[in-house]
Amino acid sequence: MADEAPRASDAPTTAATATTTAAATVVATRASSTGGLGDGGSFSELQRGYRRVVECEADGVETAEVTRRMAQLHAAVAAASLVSRNETLDDISTGSLKYLLVPFYLGDLISRGYTSNRIPMLKRAIASMSSFLEDVERLKLVHPDDLFSVRTESPADPSAARAMKLAQYAREKQAKQALQQQVVASDLARKRNEDPEEADREQLLCHLRLSAIQCCQQLKMTQQELDMLEQIEKMKATGRMPTAPPRPPPPPQQPITILPVASASRLQVQSRVFQPGYSLPTMTPEQAFELDMQNNSNYIVRQADTTTRTEETERDEDAGDDDPDAVNKARRWDAWKDTHPTGSGNKKGQG
């Protein structure tokens with residue numbers, strides 16, 4: 001994104017315009033001596049490198065190189081004084097807004113580095129990210145609750161801490177959606193050959209708001225890590241390393257009572273203690289044979305009774321077939337059904 005002159009609607013003074021132009025010239029001059037870090041193309045390149053580091057797509061060598069170049073850009077921007085602490089948001093040109101992100105990028109990159117002496121790195125990262133938060137707070141681009149979460153301890157109440165994190169997550173989600181909408185608006189303005197300055201400026205402001213939320217989160221974690229490492233160093237210096245607190249003695253266990261003393265079930269269970277693991281027979285083979293014969297004889301008697309009843313029923317039916325009155329009655333009933341089909345007597349609700 002190339003640097004642009006201040007907007008006409010901002011109505012800057014001639015002196016402010018000259019100062020901004022001179023500052024941009026200083027950045028460009030320092031960029032030429034440090035490998036072209038001051039122009040828009042190099043800033044976009046460093047921004048892509050930062051995103052690769054954040055998304056864990058860069059190795060250690062690339063991370064160190066991006067951090068080194070970002071530090072050079074930060075030094076060049078600080079020497080040029082592109083953004084003064086006395087300027088309001090409307091006084092800052094669109095081309096200079098993007099350089100407000102450099103301290104956050106640098107602090108985040110430093111905190112993600114790995115060295116044997118990490119405490120100085122964390123302090124340097126905290127200083128850089130705190131500088132970014134001071135700028136966005138002065139320009140009113142950060143929510144007060146996000147700053148409050150960084151400058152105070154986490155609530156002791158778990159429900160309050162959870163509510164704070166959910167609110168911060170909702171603000172971050174809303175900021176991401178607003179940034180995506182502004183990216184689409186900027187692309188659409190360029191396709192229509194319109195002046196994209198307003199859309200680009202609003203896109204940068206959305207980016208700054210989102211980065212402010214992310215900076216608060218990263219700064220909070222960095223401060224916690226620094227506190228932990230400093231505590232460890234103090235313990236090493238004093239020779240008092242933390243030890244696990246002694247465990248309290250276990251409470252006395254009550255005796256296990258299976259069944260009451262005076263109980264028939266207790267005696268029954270006691271009698272089966274030394275029994276084999278299979279079921280023992282309950283009768284002798286002779287007893288089993290007698291029981292089987294008795295069951296068979298009962299079955300034979302029942303079968304004989306059933307056969308007798310069946311034969312008697314069949315004889316009754318045969319006797320009924322030989323009765324002339326019964327035969328005539330059945331014939332008359334069949335003839336009546338032939339002349340009176342089913343439903344012929346139904347009046348169907350007609351009287």
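**View 1. Contacts of Met70 in the predicted model**. Setting aside residues within four places in sequence, Met70 touches Leu46, Val102, Tyr105, Leu106 and Leu109. Met70 also belongs to the largest nonpolar core, where it is among the residues that touch the most other members.

**View 2. The largest nonpolar core**. This core holds 45 residues, and those touching the most other members are Met70, Leu73, Leu97, Phe132, Leu133 and Leu208. Two or more residues each come from helix H2 (40-54), helix H3 (60-80), helix H5 (102-111), helix H6 (118-138), helix H7 (144-151) and H9. The greatest share is that of H6, which supplies nine residues.

**View 3. The second nonpolar core**. Separate from the core of the previous view is a second one of five residues. Among its members are Leu179, Cys206, Leu210 and Ile213. Leu179 lies in H8, while Cys206, Leu210 and Ile213 lie in H9, and these four take part in the contact between the two helices.

**View 4. The crossing of helices H8 and H9**. Helix H8 spans residues 158-191 and helix H9 spans residues 197-238. Their axes come within 8 Å and cross at roughly 155°. Angles over 145 degrees count as roughly antiparallel, and H8 and H9 are therefore roughly antiparallel to each other. The crossing is left-handed.

**View 5. Residues where H8 meets H9**. On the H8 side, the residues in contact include Gln168, Arg171, Glu172, Ala175 and Lys176. On the H9 side, they include Ala199, Asp200, Glu202, Gln203 and His207. By class, the contact of H8 with H9 has ten nonpolar, seven polar and six charged residues.

Definitions and conventions
Residues numbered from 1 in each chain as written. Predicted model: local features only at pLDDT ≥ 70, side-chain atom pairs only at ≥ 80, totals over all residues. Heavy atoms only, no water. Axes fitted to C-alpha atoms, helices over the stretch in contact; angles between N-to-C directions. Parallel < 35°, antiparallel > 145°, perpendicular 65-115°, else oblique. Left-handed = near helix turned anticlockwise from the far one by under 90°. Contact = heavy atoms within 4.5 Å. Nonpolar A, V, L, I, M, F, W, Y, C, P; charged D, E, K, R; others polar. Core = buried A, V, L, I, M, F, W, Y, C linked by side-chain atoms within 4.5 Å. Buried < 20%, exposed > 50% of the residue type's maximum accessible area, 1.4 Å probe, protein only.
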